[in-house]
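This report describes selected structural features of a single protein chain, from ring interactions to strand pairing. The sequence and the structure are shown first.

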Amino acid sequence: MTEPLQRPPRKNPMLRTPQMNLPPSHRGRVALGITAGAAEGRFVLQVCSECGTTQYPPREACYQCLSPALHWKTQDGQGELLAETTLDHSNDLYFRERLPWRLGMVRLDAGPSVMVHLHGEVGAAPARVRITARLDRSGQAVLIALPEKGSPHMQDDPMLREMASDPKLRKVLVTDGKSPVGQAMVRTLIGAGADHVWVGEAEPWKQPPGFAELARLPQITVVPLDVRDERSVQETASLIGAKVDIVINTAEMHRGGGIGNRRGVDVVREEMDVNYLGLLRLAQAFGPVLRSRAADGNLHACAWVNLLSIFALANHPPDGTFSASKAAALSLAQCLRAEMRGAGIRVVNIFPGPIDDEWNQNLPPPKLAPKAVASAIVKALQSGVEDVYPGDIAQDWLARWRDNPKVLERELAAGGM
């Protein structure tokens with residue numbers, strides 16, 4: 001049974017943070033299909049459309065009938081641990097620092113046998129286990145065998161902590177704590193065991209309902225932070241940047257309308273200033289120090305979260321300029337993910353559908369409650385995924401976009417959603 005995680009004693013501040021070592025990251029193009037599934041929290045394997053064989057490792061053709069008609073299918077991961085061993089020596093720097101390391105061979109109920117990492121609560125072979133695919137700190141998928149019935153503290157297992165960004169006992173910055181999503185985010189983080197939460201405040205004279213009560217919580221510190229102002233971002237980064245483990249960017253500007261609304265460029269510029277340039281300013285100020293703390297013990301800096309929108313995938317004309325600003329932010333977030341990967345920092349993008357706030361009050365249901373968005377973010381951090389699409393509308397858009405982006409574009413242009 002995994003023991004609950006405890007905050008380690010404070011390290012000597014004079015000790016230099018060690019250099020980050022990452023696990024081996026080379027994968028062939030075919031094997032990246034497993035990584036793509038793990039990025040969304042799914043364990044996928046190739047299944048042959050001709051003979052129905054489920055196969056592993058990934059190949060260009062079915063090993064049974066040689067058909068190239070293979071598709072990736074989500075697996076339940078149920079199987080039996082056949083054998084296990086403990087690695088006590090490794091020439092790889094990443095594993096050398098983390099020995100001993102348990103490995104096992106599992107025969108999946110779906111057919112193939114796979115070599116996996118073993119969670120600490122998995123018993124000796126033979127034993128029933130559940131396989132899950134997780135992204136390691138290099139951003140590549142690895143397979144982990146979990147016990148069929150784990151303990152309440154199984155997420156505290158050192159192996160899972162390495163491959164996730166659990167906010168438990170960590171220090172978090174929420175860039176805009178006054179929005180409905182921001183307030184829900186702060187409360188959800190505290191409920192998940194975050195050690196401390198800094199709450200960004202752009203306009204002190206505005207006090208939305210519930211914010212004053214939130215600011216009085218003992219785990220909360222309100223800090224001045226306006227993502228539109230480079231000086232404000234830099235000053236806040238110099239004040240708390242060296243202490244932050246997770247950055248959650250909830251700052252966004254949403255003004256409905258498309259190109260033909262004649263609202264003037266100033267409104268559109270403000271959307272871009274917050275949604276795109278705001279992310280850029282934050283990344284330039286907090287990114288370097290976050291990377292420098294990526295190897296800082298068990299509670300190292302570990303994640304960056306961007307609140308995007310499902311409108312980033314395909315433009316929703318009634319929210320045309322907002323959609324464009326989120327599409328720009330998505331492209332920038334992909335650049336940020338590539339730059340953070342060398343330090344093992346997980347960049348998580350959230351693509352919700354319409355949120356139940358003042359800017360979507362005239363939209364019919366279904367709309368996402370701010371608390372649902374916050375819960376999806378915490379769950380993503382705990383499970384180590386990269387991309388999350390919370391809510392029915394986001395899931396529907398994602399499926400249609402993957403099926404045929406051009407058809408979705410036409411449907412949206414005709415007034416659909």
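## Aromatic rings and charges

The charged end of Arg98 is placed over the ring of Tyr94, 3.8 Å from the ring centre. The model in which this arrangement appears is predicted. A second charge over a ring is that of Lys178, which lies over the face of Phe211 at 5.4 Å from the ring centre.

A search of the whole structure gives five aromatic pairs. Among them is the pair of Tyr94 and Phe95, which is edge-to-face, with 5.2 Å from centre to centre and 90° between the planes. Tyr94 counts as buried because its relative accessibility is 2%, under the 20% limit. Phe95 is likewise buried, with a relative accessible area of 17%. Another of the pairs is formed by Phe351 and Tyr389; this one is stacked, at 4.8 Å centre to centre and 15° between the planes. The Phe351 and Tyr389 pair links distant parts of the chain, as the two residues are 38 residues apart. Phe351 belongs to the loop between strand 14 (346-350) and helix 9 (370-383), and Tyr389 to the loop between strand 15 (387-388) and helix 10 (392-403). Both Phe351 and Tyr389 are buried.

The two pairs described above compare as follows.

| Pair | Geometry | Centre to centre | Angle between planes |
|---|---|---|---|
| Tyr94 and Phe95 | edge-to-face | 5.2 Å | 90° |
| Phe351 and Tyr389 | stacked | 4.8 Å | 15° |

Ring pairs also join Tyr94, Phe95 and Trp101 into a cluster. Tyr94 is thus a member of this cluster and also the residue whose ring lies beneath the charged end of Arg98.

## Strand pairing

An open sheet consists of three strands in the order 2-1-3, with antiparallel pairing. Its edge strands are strand 2 (54-55) and strand 3 (70-74), each of which pairs on one side only. Strand 1 (residues 44-48) pairs with strand 2 in the antiparallel sense over two bridges. Within this region, Val47 stands opposite Thr54 of strand 2.

Five further strands close into a barrel in the order 4-5-6-8-7, and their pairing is mixed. From one strand to the next, the twist averages 50°. Strand 4 (residues 78-87) and strand 7 (residues 127-135) run antiparallel and are joined by four bridges. Leu81 has Ala127 of strand 7 as its bridge partner.

## A buried lysine and an exposed proline

Lys326 is located in helix 8 (residues 320-341). With a relative accessible area of 1%, Lys326 is buried. Which residues does Lys326 contact, leaving aside its neighbours within four places in sequence? Lys326 is in contact with Glu252, Asn275, Leu307, Leu308, Ser309 and Ala312.

Pro218 lies in the loop between helix 5 (211-215) and strand 11 (220-224). Pro218 is exposed because its relative accessible area is 72%, over the limit of 50%. Pro218 and Thr236 are 18 residues apart in sequence and 20 Å apart in space, C-alpha to C-alpha.

## Confidence of the model

The average pLDDT of the protein chain is 91, and 95% of the residues score at least 70. Over residues 10-16, however, the pLDDT is below 50. Beyond near neighbours in sequence, this stretch has two contacts in the model. Where pLDDT is low, the predicted coordinates should not be read in detail.

How values were computed:
Residues numbered from 1 in each chain as written. Predicted model: local features only at pLDDT ≥ 70, side-chain atom pairs only at ≥ 80, totals over all residues. Heavy atoms only, no water. Phe/Tyr/Trp six-rings, centres within 6.5 Å; stacked < 30°, edge-to-face > 60°. Buried < 20%, exposed > 50% of the residue type's maximum accessible area, 1.4 Å probe, protein only. Lys NZ or Arg CZ within 6 Å of the ring centre and 35° of its normal. pLDDT = per-residue confidence, 0-100. Contact = heavy atoms within 4.5 Å. Pairing = 2+ DSSP bridges. Axes fitted to C-alpha atoms, helices over the stretch in contact; angles between N-to-C directions.
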